[in-house]
Amino acid sequence: MNEYTPIHFYDAPVEVIYHKPPIYEKTPDCPNGFIWEDKPYRIVETLSEWSDFTRRGKYARNMRPTHAAVASNRGSLNVGRFYFRVKVDTGQIFDLYYDRAMKSVDERKGQWFLYRELAEK
C-alpha cells in the first residue's frame, strides 16, 4: 500500500461533479470530478475512503452517552464527514471531504471541500 504525505492544505469549498447523483445526498459516494478555482479536475482513481462521525464543540455535549455511542458509528443529523483520497487527471493526489453540517436553516445540504494535496513518500 502506498504511503502519502501532505504537501498543501487548502480546506477550500469545491463543486463536485457526478455522472449519476448519489442516492442518499448526506452519505455520498466518491464524485467523478470537482471544480476548484474555476478549474475542472476529473477523478481517475479512488485510492481510499473513510468517514468520521466525531461530534465536536457543542454537538459533543448535547447527547446521552448511549445515543452518542451509536452516533459515533453511523453519524447523526448534520454531524459527520465522508473523506475520499483520489487521483485526478493531472496526476495529483487530493483528499476531498463532504461535511454533512448544514450552512443554515434555509441551506440544509452539506458542503464539499478540497482538504489537502498529497505526494507519495
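This briefing covers the overall fold, one buried polar pair, the aromatic pairs and one strand-end residue of the chain. The model is a predicted one. The chain has one helix and seven strands, and from the N terminus its elements follow the order β-β-β-β-α-β-β-β. Of its 121 residues, 35% count as buried.

**Chain as a whole**

- The helix comes after four strands and is followed by three more, as the order β-β-β-β-α-β-β-β shows.
- Among contacts in the chain with a separation of 6 or more, 56% are between residues 24 or more positions apart.
- The exposed area of the chain is about 8100 Å², and carbon and sulfur atoms supply 49% of that area.

**The R85–D95 pair**

- R85 lies in strand β5, which spans residues 81–88, and D95 lies in strand β6, which spans residues 93–99.
- The side chains of R85 and D95 make a polar contact at 2.7 Å.
- R85 has a relative accessible area of 14%, so R85 is buried, the cut-off being under 20%.
- D95 has a relative accessible area of 0% and is therefore buried by that cut-off as well.
- Leaving out residues up to four places away in sequence, R85 touches Y4, E45, T46, L47, S48, W50, I93, F94, D95, R116 and L118.
- With neighbours within four places in sequence left aside, D95 is in contact with W50, F84, R85, F113, L114, Y115, R116 and L118.
- W50, R116 and L118 appear among the contacts of R85 and also among those of D95.

**Aromatic pairs**

- The whole structure contains 14 aromatic pairs.
- One of them is formed by W50 and Y83, which are stacked, with 5.2 Å centre to centre and 5 degrees between the planes.
- This pair links distant parts of the chain, with W50 in strand β4 (residues 39–52) and Y83 in strand β5, 33 residues apart.
- W50 is partly exposed, at a relative accessible area of 32%, whereas Y83 counts as buried at 9% relative accessibility.
- Y83 also pairs with Y97: the ring centres are 5.3 Å apart and the planes are at 40 degrees, so this pair is tilted.
- The tilted class applies because 40 degrees is neither under 30 degrees, as stacking requires, nor over 60, as edge-to-face requires.
- The Y83–Y97 pair also links distant parts of the chain, with Y83 in strand β5 and Y97 in strand β6, 14 residues apart.
- Y83 and Y97 are both buried.
- Ring pairs join F9, W50, Y83, Y97, F113 and Y115 into a cluster.
- Of the cluster members, W50 is in contact with R85, while W50, F113 and Y115 are among the residues in contact with D95.

**P13 in strand β1**

- P13 is part of strand β1, which covers residues 4–13.
- P13 and Y98 are 85 residues apart in sequence, and their C-alpha atoms are 9.7 Å apart in space.
- With residues up to four places away in sequence not counted, P13 touches W36, Q111, W112 and F113.
- F113, one of the residues touched by P13, is also a member of the aromatic cluster and a contact of D95.

Notes:
Residues numbered from 1 in each chain as written. Predicted model: local features only at pLDDT ≥ 70, side-chain atom pairs only at ≥ 80, totals over all residues. Heavy atoms only, no water. Helix = DSSP H or I, 4+ residues; strand = E, 2+ residues; numbered from the N terminus. Buried < 20%, exposed > 50% of the residue type's maximum accessible area, 1.4 Å probe, protein only. Polar contact = N/O pair within 3.5 Å; in protein donor to acceptor, adjacent residues only side chain to side chain. Contact = heavy atoms within 4.5 Å. Areas by Shrake-Rupley, 256 points an atom, 1.4 Å probe, with all protein chains shown as cover. Phe/Tyr/Trp six-rings, centres within 6.5 Å; stacked < 30°, edge-to-face > 60°.
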